[in-house]
Amino acid sequence: MHIVVCMKQIIDPEIPSGEFKVDFEARRAVQDQGEPVLNPYDENAIEVALQLKDRDKDIKVTALTVGGESSQKVLRRALAMGCDEAIWLKDPAFETLDSAATAAVIAKAVRRAGNVDMILCGRQAGDWDMGQVGTLLAEELQIACIPMAYHVEQKGGGFRVKRETESGMAVLEVGLPVLLNITNSSTNQPRFPSVKGVLMAGRKQIPTFSAGDLAIDAEIPKRVVVEALTLPRYDRQVMFIDGEDGPEKAAALAAHLIKMNLLK
Amino acid sequence: MPGILVYASVSCDAVSMPTREILGMARAIAAKTGEPVSAALLGAGVSSLPRSLIESGADSVYVCDHDKLGEFQVNIYLKVLTDIVAAVNPRILLFPGEAAAVELAPRLAHRLKSGLVTDCVGFDVREDAVVFTKPVYGSKALAQMRIAGPTALATVRLRTQEPFGPDPNRTGEVVAVQTALDDIQPETRTVERVEEEIFECALEDANVVVSGGRGLKDPESFQQLRELAALLNGAMGATRVAVDQGMAPPSCQIGLTGKIVAPEVYFAVGISGASQHIAGMSGSKYIVAINSDPEAPIFSISNVGVVEDYRNVLPTLIAELRKALAR
């Protein structure tokens, strides 16, 4: 069985808003701020795949990413965590794709790889938060797609997927091939790469595929165009509660909330 | 005449509030463009609801009432919705930002060879197109996005749009949609469903939300938050980190990926204010932050702040409020 995990390298989402810099001309974040990271939901997706592999050594897990020179780092991290292979879709034309184009490019690579049984994607990337690539990829490949999944196990001949619902959770029985959009849960917190894993990952060859390799010759049209990027404004002014110690501040806060008539 | 189509969702046998919000948004666009507003209504036993959609702003309602639509199944809903879109041929297609719609919208966009803006919070009607506003980079920036394609699709964040009406004098047309559903089977089979115990009241509807984050040391601290929430007839929330650590159930998660709330009063306890979380609560009318770190970003969006370890604050706060409110 072959699982492909799709990943994206993003600008560190933990950069505080006060320090966050926007390239207004390019209509995106300034690219060289902070150390780029692997999208957190993609780490959850890798963990889900590796948990399946922990129980069945015959499962092969391939990490795949689309992006420029620096995205090699996220693939190395995925390998260090325990993925078997990596695929790097690397072409200058791939650097400014929208969700639909990204899905189309990944679909070509998945078809080229052949024999892919399960695809895992993080539910959304912590930069543009579009949350569409996984679902669009399933449409491209004409396979079933489960949103908000957080755990998978083999059961009999099939798979059982746990997913979040608006009011709790549900367990689904799915056949293959299938695509799962993975959300975070206490059951899929990503493992840390082992020292051995890091060493092995460093030595591994990562095959790259360009637009030409994937037989993409025309320029890929955009379906969503970013017209402008602006910074939001918060106009609240915080009033700090004074006091000698916690209980005194607590009493003052209670009195303030009552005086403001905020609590009914 | 190009038009606007709204995907209607049903909650407790009535038109949902998020649907009424996007009907309000559709009417605001239509006020500038003069386009008709239609609604797509799918479900089992929903034939009494078109009237309510018309009162809330729809000029026409395309309704498919079928046993197979009783439970949401994405491929079956998609088939019906595709038929309705073909009949209406809308220029703009709006979805409420709820789980089912978020699943439907990208798949429909793909079939229409068009684009989708998710989690849209605002819009601007230009001469040739509608431009949608969407928070990006964890709400640290706002993007204005335009769709290049025949239909502009958008999912709309809850509680960002004013609902329209209801106006009992409005009239409209109801069209019955006949999609053949006899042969279609669900893509997946649900074998088990667990509804989480909902404490006090539903998070999204609560007037008061008491939330905890990374700063809370243990699940017992969340019991204190729950106690404060119960005292104020409110609900308890949590950040993504607190959920990941197993301190609070996933249904409590507030943030960009989680629930979006906008209560009268929001208590942020031990919450630093990561943008992911702020995206889910910045619409709150009054924000109270309790955090031992005076530099925590949460203070920059709060109305009132207490710089203190929450453990030294909560017991007295609960006792004082209990006394003052005589509960």
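In this predicted model, the axes of helix H3 (residues 74-88) and helix H4 (residues 99-111) of chain B come within 10 Å and cross at roughly 50°. That angle makes H3(B) oblique to H4(B), since it falls neither under 35 degrees nor in the range of 65 to 115. As for handedness, H3(B) passes H4(B) in a right-handed crossing. On the H3(B) side, the contact is built from B:Val74, B:Tyr77, B:Leu78, B:Leu81, B:Thr82 and B:Val85. H4(B) answers with B:Glu103, B:Leu104, B:Arg107, B:Leu108 and B:Arg111. Sorted by class, the contact of these two helices holds 7 nonpolar, 1 polar and 3 charged residues.

Next comes a sheet that draws on both chains. Its 4 strands form an open sheet in the order E14(A)-E10(B)-E9(B)-E8(B), and the pairing is antiparallel. At the edges stand strand E14 (224-230) of chain A and strand E8 (122-125) of chain B; each has a single partner strand, so one side of each is left without a neighbour in the sheet. From one strand to the next, the twist averages 30°. Within the sheet, E8(B) pairs with strand E9 (residues 130-136) of chain B over 4 bridges, in the antiparallel sense. In this pairing B:Phe123 stands opposite B:Phe132 in E9(B). Helix H1 (residues 17-33) of chain B packs on the sheet, where it touches E8 and E9 of chain B. The direction of this helix makes about 10° with that of E8(B).

The two chains also meet more broadly: 69 residues of chain A are in contact with 72 residues of chain B. On the chain A side, the elements that give two or more residues are helix H4 (133-141), strand E9 (144-155), strand E10 (158-165), strand E11 (168-174), E14, strand E15 (239-240) and helix H6 (246-259). H6(A) supplies the largest share of this side, 9 residues. By class, the residues of chain A that touch chain B divide into 38 nonpolar, 17 polar and 14 charged. Strand pairing across the chains turns up again at E11(A), which 6 bridges join to strand E13 (residues 189-195) of chain B. These two strands run antiparallel, and A:Val171 stands opposite B:Glu192 in E13(B).

Now for chain A taken as a whole. This chain has 6 helices and 15 strands, and its C-alpha atoms fill a box of roughly 65 × 50 × 40 Å along the principal axes. Of its 264 residues, 45% count as buried. Looking at contacts in chain A with a separation of 6 or more, 71% are accounted for by residues 24 or more positions apart.

One residue gives a local view of such contacts. A:Tyr41 lies in helix H1 (residues 40-55) of chain A. With 24 other C-beta atoms within 10 Å, A:Tyr41 is buried, because the cut-off for that label is 20 or more. Leaving aside residues up to four places away in sequence, A:Tyr41 touches A:Gly122, A:Arg123, A:Gln124, A:Ile182, A:Thr183 and A:Asn184. One of these partners, A:Ile182, is 141 residues from A:Tyr41 along the chain, yet the C-alpha atoms of the pair are separated by 6.7 Å.

Definitions and conventions: Residues are numbered from 1 along each chain as its sequence is written. Chains are lettered from A and ligands numbered from 1 in the order in which they are written. This is a predicted model: local features need pLDDT of at least 70, side-chain atom pairs count only at pLDDT 80 or more; totals for chains, interfaces and linings use all residues. A residue is buried if 20 or more other C-beta atoms lie within 10 Å of its own, exposed if 12 or fewer, and partly exposed in between; C-beta atoms are placed from the backbone. Two residues are in contact if their C-beta atoms, placed from the backbone, lie within 7 Å. Two strands pair if DSSP finds at least two bridges between them. Axes are lines fitted to C-alpha atoms, for helices over the stretch in contact, and angles run from 0 to 180 degrees between N-to-C directions. Angles under 35 degrees count as roughly parallel, over 145 as roughly antiparallel, 65 to 115 as roughly perpendicular and the rest as oblique. A crossing is left-handed if the near helix is turned anticlockwise from the far one by less than a right angle, and right-handed if clockwise. Ala, Val, Leu, Ile, Met, Phe, Trp, Tyr, Cys and Pro count as nonpolar, Asp, Glu, Lys and Arg as charged, and the others, Gly among them, as polar.
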